[in-house]
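Visitor: I should like to examine this model with you, residue by residue. Please show it first.

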Amino acid sequence: LDDRQVGRAHRLAGIGLTLSRLSSLPADRERPVQALLALELDGVPLRTRASLLAFAPVRSASVELELSPLALPPYLGYLPRDLPIQVRQGTLSTSLRIEATLPVDADPTLSIAGDATFAGVDLRAPDGGDLLAFDALRVRGIAAQPLASRIEIGGVELDAPRVAVLRRAAEPRFFESVLRALPQVQRSAAA
């Protein structure tokens, strides 16, 4: 895939899609459609399993997302705005379940549950100076309901954090280079 918008090329390989029977016949409306998508994105395995009730009175869907360690820096260009820090390295792994319902006479629901792990992360100040690095950050027991503005986290584990907290003699505040970059980020987001 040649993404000219962010100036990157990505490689998709081993794409496999399995889809069960899809029918809007009255006898089949309560039978979930099962789908499985497996592929490699830039050499990283991605596996999703989905179940969908597309024609039932209460439409619903669930998706299981298994992501092996995916390097973050190549995908930073997809964020909606610039960051006031540099992400030199790091990976993301997930095991998530996303569920949505669309009732006829009620508000829709969306829930996200599972675990996420960031590993080998190295964050730098805009000038390239050390800021934060860690071996692993594990977020366990995520239970989010974005449409209800609710999130619960069962636990957070941080392995081997390395934090650089310093103030240079000419700077009035700690993290001055990061704080100075924030207004630039806000301006670029508004543009």
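The questions and answers below concern the core, the surface and the backbone of this structure.

Visitor: On what basis are the features reported?

Guide: The model is predicted, so local features need pLDDT of at least 70 and side-chain atom pairs count only at pLDDT 80 or more, while totals for chains, interfaces and linings use all residues. Residues are numbered from 1 along each chain as its sequence is written, and side-chain values use heavy atoms, leaving out hydrogens and water.

Visitor: Which strands give two or more residues to the largest nonpolar core?

Guide: A nonpolar core is a set of buried Ala, Val, Leu, Ile, Met, Phe, Trp, Tyr and Cys residues joined through side-chain atoms within 4.5 Å. The largest one has eight residues: Val 44, Leu 67, Leu 70, Tyr 75, Leu 92, Ala 116, Val 139 and Ile 142. Two or more of these come from each of strand E6 (59–71) and strand E9 (130–145); strands here are DSSP runs of E with at least two residues, and helices are runs of H or I with at least four, numbered from the N terminus.

Visitor: Is Thr 117 buried or exposed?

Guide: Thr 117 is placed in strand E8 (residues 109–124). Beyond its neighbours within four places in sequence, it is in contact (heavy atoms within 4.5 Å) with Thr 91, Leu 92, Ser 93, Leu 137, Arg 138 and Arg 140. Buried means under 20% relative accessible area, exposed over 50% and partly exposed in between, with a 1.4 Å probe and protein chains only. Because its relative accessible area is 19%, Thr 117 is buried.

Visitor: Why does Thr 48 count as buried?

Guide: Thr 48 lies in strand E5 (residues 44–53). Not counting residues up to four places away in sequence, Thr 48 touches Ala 35, Leu 36, Leu 37, Val 63, Glu 64 and Leu 65. Thr 48 counts as buried because its relative accessibility is 17%.

Visitor: What is the phi of Asp 42, and where is this residue found?

Guide: Asp 42 is partly exposed, with a relative accessible area of 31%. Although Asp 42 is not a glycine, its phi is positive, at about 55°. It is found in the loop between strand E4 (33–41) and E5.

Visitor: What is the relative accessibility of Ser 149?

Guide: Ser 149 is placed in the loop between E9 and strand E10 (150–152). Its phi is also positive, near 55°, in a residue other than glycine. Ser 149 counts as exposed because its relative accessibility is 71%.
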